[in-house]
Amino acid sequence: MAHKFRCNFFTPLVVICTLFSSFNLLKAAELTISSYIIHTDIHSRPSLFSTQDEWYSSIIHSLTDPEIDSITSTRIFYTYDIVLQGFAARLTDQEAGRLANVPGVLAVTEDMATVRLDTTHFLGLNANYGLWNDTNFGESVIIGIVDSGIWPESESFNDGGLGPVPSRWKGTCENGTAFNSSHCNKKLIGARFFLKGMERHISGGSVESFSIYRSPRDEVGHGTHTASTAAGAEVTRVSLFGFAEGHARGIATKARVAMYKVCGFFCVDSDIIAAIESAIADGVDVLSISLGSKDQPYHENAIAKGAFAAMKRNIFVACSGGNSGPHPYSVHNTAPWITTVGAGSMDRVFPVRIRLGNNVTFIGSSLYADRNSTSASFPLVFLGSCRMIPLNITRKIVICNSTKARAVENGVIIQAGGGAGLIQLNHLIEGEELLAIAYTLPAATIGYKETLALLSYINSTQNPTASFEPSKDRAPITTSFSARGPNPIVKEVLKPDLIAPGLNILAAWPSNISPTRSLNDPRRVKFNTDSGTSMACPHVAGLAALIRANHPDWTAAAIRSALMTTASTTDNQDRLIARYEDMGPTNALAIGAGHVNPQLAGDPGLIYDANESDYIRFLCSLNYTENQIKLFAPVSCPGTKSSSSELNYPSFSVVFRLKGEIRELKRTVTNVGEFMGEVYEARIVNYEGEKVKVSVKPTKMIFNKYFDKQSYTIIFESNSVFLNFQEIVFGSVSWESDRHVVRSPFSVMWEPS
């Protein structure tokens, strides 16, 4: 039975083999051939083999059976030696089962295809001062993008004005379908593709049979969009059908880009691991990975293991937090060595005013270009999900409550039937989030509150009508799709870490793909809007590149700390950041530390640092087995284990079970401020002091040297018991001086005893 997969994006896979003497031969037709990832212990290779590759080949040779080889000619399709020691291979279920018991094999996991592909003025970046000016727009930094490929002809990857490629760069541009080395330049300095795992999942074995380029070229637009968001060159006079007109530029405008294609319409673990290995070996400084799936234990998670290997080499890794919000426990990519990014809005929602026949108005959102052609009023007709659109819709505005994925197709059908327009309704879970859609006719998306009011108007009016009229948006607002905590793997690590712009982001786009990705849409564009935590992630990767250029001696953890402790919790109207689902105030399970604030992040004052040994102690606190720990590093856990909440992290997540319980958490901060003798005093914000008492000791710290370290303890005392699973308290502890505010959020929850 063939292995089935979904368009998701990541899981673990590793398989390794040793000598077997007996093999119960089954008929080839009855065998299930699958891909596996095999982890091995580097210290367990038999002495008769001089290299790991020789050992792996011998293992596979010992398993070879002619009937099986007639089905799969090449067994090993990747070998790994950076992210892990091991290889990926095609095996039967029986062979994989035996492998798991071979001495030196740490783990055998199926190669899964469950990973899915999850502007600058709003962030306050300025060419005349701050991070852009201080770092020459990040020119010395290399950002690796693990994604769906790239459209190299885009103006966003023009290398005009750039100096030579950094001499430490070891990467290359690989030839393939519709792509060769001449497509690279001093901006796009590397482009590779890793599709062998995907091909093993495709019946027939060729990605090209599914219209996927067997090359670094992008066929879905996702990778081109994220790469140009992180580090696109400046392009003048850019817009989408006249919307969002202005200059387009990536966050780190002069940083170099290296694309590692692992996805077409789905992604496979073995390809992701191979890509991260290559990026590490090539010499990237930052990795942007807008992929993810339902989270698993870190020792089974391909992205978590790959990111750990990158962290050991001081590579900053940003990952998308997922688009399954606003449900609790939906956040993914939650390992503490990963910076997990949620999505917020920008002050740009492409507004359209809808005026009803009773003169009541709503504000919707649309990217329909001809905004001046829709001032007349037309009859309204509500067709529910619009699965069956009748013929008698001429000169009517049709109202649909279908999914957003169907909205454009509905518009095409309505337009062909002579309809005057479309109003797309939000569902309850989407709340007031306004997704800008490039409709082909006059149309708009409206929020859930407006949906209820509009339907009430239709039901109470004999001849309901409406018109469209062209219309400082409040921002940021947490998007309803942005995944939420608590952390489903380790509740004591607060995730997501922060949010960044991820709604209606304008960036580069392949010129052979419609802006809606619909095959029925003939339009072609060079820039397009897209939404998701996938779009938020490269914003943070670009900011990390700027900070790395400004502070090359900082660790990846220090860069994350700077971004988190300077993040903002208020919007551009000085109100607490709201959430789109009900426009109520959001909390740390949605925004982590808050919305990124680049100009402050370059000078955070204090940082919370961590290194490989800190993360190993954290993994040991999760009661992983010795073999599971060795998947990350060839070490053993100490006899005395620490708590997972003791990691030196820039946020706090406390879990209580009993009233009267006390948690004392120690943190160490490092001074990176320019002024010596800086005095910091603690300030605690505790919104529900009757449920939990929070204190800090000491309450004052003085730093007299650069990189001086001091520690403090924060004490949480429970005054409550478990009432329900929504019983979570939020607050923050800040260290404040005359020049800096270093803020860390906390969440406190209760579980049944």
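Two strands count as paired if DSSP finds at least two bridges between them. Keep that in mind as you work through this predicted model.

**Exercise 1. Decide how strand 1 and strand 4 are related, and place them in their sheet.**

Solution.
- Step 1: Find strand 1 at residues 33-40. Between strand 1 and strand 4 there are 5 bridges, and the cut-off is at least two, so these strands pair.
- Step 2: The sense of this pairing is antiparallel. For a spot to look at, take Thr40, which stands opposite Val105 in strand 4.
- Step 3: Now widen the view. The open sheet here is made of 4 strands in the order 2-3-1-4, with antiparallel pairing.
- Step 4: Strand 2 (76-80) and strand 4 (105-110) are the edge strands, each pairing on one side only.
- Step 5: On average, neighbouring strands of this sheet are turned by 30° against each other, direction ignored.

As background, the strands of a sheet pair through backbone hydrogen bonds, either parallel or antiparallel.

**Exercise 2. Find what helix 7 lies across.**

Solution.
- Step 1: Go to residues 269-282, which form helix 7.
- Step 2: Helix 7 lies across strand 1, strand 2 and strand 3, the last of these at 86-92.
- Step 3: Compare directions: helix 7 runs at about 40° to strand 2.

**Exercise 3. Work out whether Ser514 is buried or exposed, and describe its surroundings.**

Solution.
- Step 1: Locate Ser514 in the loop between strand 24 (505-508) and strand 25 (527-530).
- Step 2: Ser514 has 3% relative accessibility. Buried means under 20%, so Ser514 counts as buried.
- Step 3: Leaving aside neighbours within four places in sequence, Ser514 is in contact with Trp509, Asp521, Arg523 and Arg524.

**Exercise 4. Describe the second largest pocket and its lining.**

Solution.
- Step 1: This pocket holds about 680 Å³ of space.
- Step 2: Its lining has 34 residues, and those closest to the centre are Thr569, Leu576, Tyr687, Ser732 and Arg743.
- Step 3: Helix 13 (588-591), strand 30 (678-686), strand 34 (728-736) and strand 35 (741-750) are the elements giving two or more residues to the lining.
- Step 4: Strand 34 gives the most, with 7 residues.

**Exercise 5. Sum up the whole chain in a few numbers.**

Solution.
- Step 1: Count the elements: the chain has 16 helices and 35 strands.
- Step 2: Of its 753 residues, 61% are buried.
- Step 3: The chain's accessible surface is about 28,000 Å², and carbon and sulfur atoms account for 50% of that surface.

Terms used:
Residues are numbered from 1 along each chain as its sequence is written. This is a predicted model: local features need pLDDT of at least 70, side-chain atom pairs count only at pLDDT 80 or more; totals for chains, interfaces and linings use all residues. Side-chain values use heavy atoms; hydrogens and water are left out. Axes are lines fitted to C-alpha atoms, for helices over the stretch in contact, and angles run from 0 to 180 degrees between N-to-C directions. Contact means heavy atoms within 4.5 Å. Buried means under 20% relative accessible area, exposed over 50%, partly exposed in between (1.4 Å probe, protein chains only). Accessible areas come from the Shrake-Rupley method with a 1.4 Å probe; for residues, only the protein chains shown count as cover. On a 1 Å grid over the protein atoms alone, a cavity is a set of points where a 1.4 Å probe fits but cannot get out, and a pocket is an open set with protein on both sides within 12 Å along at least five of seven lines; lining residues have an atom within 4 Å of a point. Grid points are joined across faces, edges and corners, and a volume is the space filled by probe spheres set on the points.
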